[in-house]
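Hi,

Here is the structure I promised to pass on. Have a look at it first, and then read my notes below.

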Amino acid sequence: MINEADIQKMIDDVQNSRKYRNLQLPHAFLRDLIDSETQQTQNKAKIKENFRKKLHEVIAPYLEDIDYSQESQKLITLNQSKMSEPDLKNYAKDLMRKHASTRERLPHLETFYAEIWAHIGHVESVLDLACALDPLALPWFNNPCLKTFYAIDIHQPRLNFLDMFFQSCFPFARTLQQDFIAQPLQLQAGCAFLFKEVHRMEKRKPGCTRQLIKELKVNQIVISLPARDLRGHHSLADYHTKMVENAIQGLDFSLQQTQVGSELLYFIKKL
């Protein structure tokens, strides 16, 4: 049988481990992963094994080769030299190339966000859930109405860097470290972005996308998912479309769909 002391030790071991300690992962996130495993078994060894496996599955995409302290220093230097808009865009592109998700979007940045605003209008506030480096695309948003932007993630060093980026260039933007699956968000906004994350969320906790959609205090949600598998051999359009349709089935939401580059875009709106 597993007890509270066992659970806390598992959390402490992760937070102090060489592999994960720099991420400063939230306690609530780690606890939620463990609680999900304790619903399947009370065998301590099995829970620990499954917890570690699930943790790696969820966190692997966060383990990119980016030194955020170094990037922060680079940003300070650029700010001191009073960088121009082209300088800002070049810097943002260079960093986005280091992350798989944003790298794939680079050839279509302006089209990607123009398509979003064409469907949802120029909203004044956005929650960017599991944001990764998506907020570095703010120079390409072309939304003059945007007054509030929240970048929400569990990777604290990344959020610290984004805080500096926002303070330098986009003072209306903020960061928040929170696992919105374990702890429902209380923030309100006109729209929530959830890019290239739903398929991973469902592996972590089946049905959590539907729960999130019901809980979010927004009128519209924009979901993106890959159109093809990682090797580009197989279409995922039908599979991912069914996943989104199932998440809103029976709820008072409408759904529209389009594609930009290699990303399927789903526009969910409260009726």
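**Around Leu-129**

Let me start with Leu-129, which sits in strand E1. Keep in mind throughout that this is a predicted model. With a relative accessible area of 1%, Leu-129 falls under the 20% cut-off, so it is buried. Leaving out residues up to four places away in sequence, Leu-129 touches Ile-152, Phe-180, Leu-185, Ala-192, Phe-193, Leu-194, Leu-212 and Leu-216. One of these partners, Leu-185, is 56 residues away along the chain, and its C-alpha atom is 10.0 Å from that of Leu-129.

**The cavity**

Some of those names come back here. Searching the whole structure for cavities of 30 Å³ or more turns up 1. The largest cavity has a volume of about 30 Å³. What lines it? The lining consists of Phe-180, Pro-184, Leu-185, Leu-212, Glu-215 and Leu-216. By class that makes 5 nonpolar residues, 1 charged and no polar ones. Phe-180, Leu-185, Leu-212 and Leu-216 are in this lining, and Leu-129 touches each of those four.

**The loop after E1**

Next comes the loop between strand E1 (125–129) and strand E2 (148–153), where you'll find Asp-134. Is Asp-134 buried or exposed? Its relative accessibility is 1%, so it counts as buried. Apart from neighbours within four places in sequence, Asp-134 is in contact with Ser-101, Thr-102, Arg-105, Tyr-113, Asp-128 and Phe-195.

Ala-132 is in the loop between E1 and E2 too. Its phi is positive, at about 50 degrees, although Ala-132 is not a glycine. For context, most residues other than glycine have a negative phi. Ala-132 is buried because its relative accessible area is 10%, under the 20% limit.

**Cysteines**

How many disulfides does the structure hold? The count is 0. For Cys-131, the nearest cysteine sulfur belongs to Cys-191 and is 15 Å away, and Cys-131 is in no disulfide. Cys-191 is in no disulfide either; its nearest cysteine sulfur is that of Cys-145, at 13 Å. A pair has to lie within 2.5 Å to count, so neither of these distances qualifies. Cys-131 counts as buried at 0% relative accessibility, and Cys-191 is buried with a relative accessible area of 0%.

**Helix H8 and the second largest pocket**

You may want to look at the second largest pocket, which holds about 260 Å³ of space. It is lined by 17 residues, and those nearest its centre are Asn-22, Leu-23, Ile-66, His-155 and Pro-157. Helix H4 (68–80) and helix H8 (156–169) are the elements that give two or more residues to this lining. The lining has 7 nonpolar, 6 polar and 4 charged residues.

H8 deserves a few words of its own. At 1.5 Å a residue, its 14 residues should span 20 Å, and its end C-alpha atoms are 20 Å apart, so the two agree. Which residues of H8 are buried? They are Gln-156, Pro-157, Arg-158, Leu-159, Phe-161, Leu-162, Phe-165 and Phe-166. As a reminder, an α-helix has 3.6 residues a turn, so residues three or four places apart point the same way. The cover over the buried residues of H8 includes H4, helix H5 (85–96), E2 and strand E3 (173–177). H4 therefore turns up in two roles: it gives residues to the pocket lining and is among the elements covering H8.

**The loop between H1 and H2**

Last, the loop between helix H1 (4–15) and helix H2 (27–38), which is the place of Gln-24. Phi of Gln-24 is near 55 degrees, a positive value in a residue other than glycine. Gln-24 has a relative accessible area of 44%, so it is partly exposed.

Asn-16 lies in the loop between H1 and H2 as well. At 56% relative accessibility, Asn-16 counts as exposed because the cut-off is over 50%. Between Asn-16 and Trp-140 there are 38 Å from C-alpha to C-alpha, with the two residues 124 places apart along the chain.

Cheers

Key: Residues numbered from 1 in each chain as written. Predicted model: local features only at pLDDT ≥ 70, side-chain atom pairs only at ≥ 80, totals over all residues. Heavy atoms only, no water. 1 Å grid on protein atoms, 1.4 Å probe; cavity = no way out; pocket = protein on both sides within 12 Å on 5 of 7 lines; lining within 4 Å. Points joined across faces, edges and corners; volume = space filled by probe spheres on them. Helix = DSSP H or I, 4+ residues; strand = E, 2+ residues; numbered from the N terminus. Nonpolar A, V, L, I, M, F, W, Y, C, P; charged D, E, K, R; others polar. Buried < 20%, exposed > 50% of the residue type's maximum accessible area, 1.4 Å probe, protein only. Contact = heavy atoms within 4.5 Å. Expected span 1.5 Å × (residues − 1).
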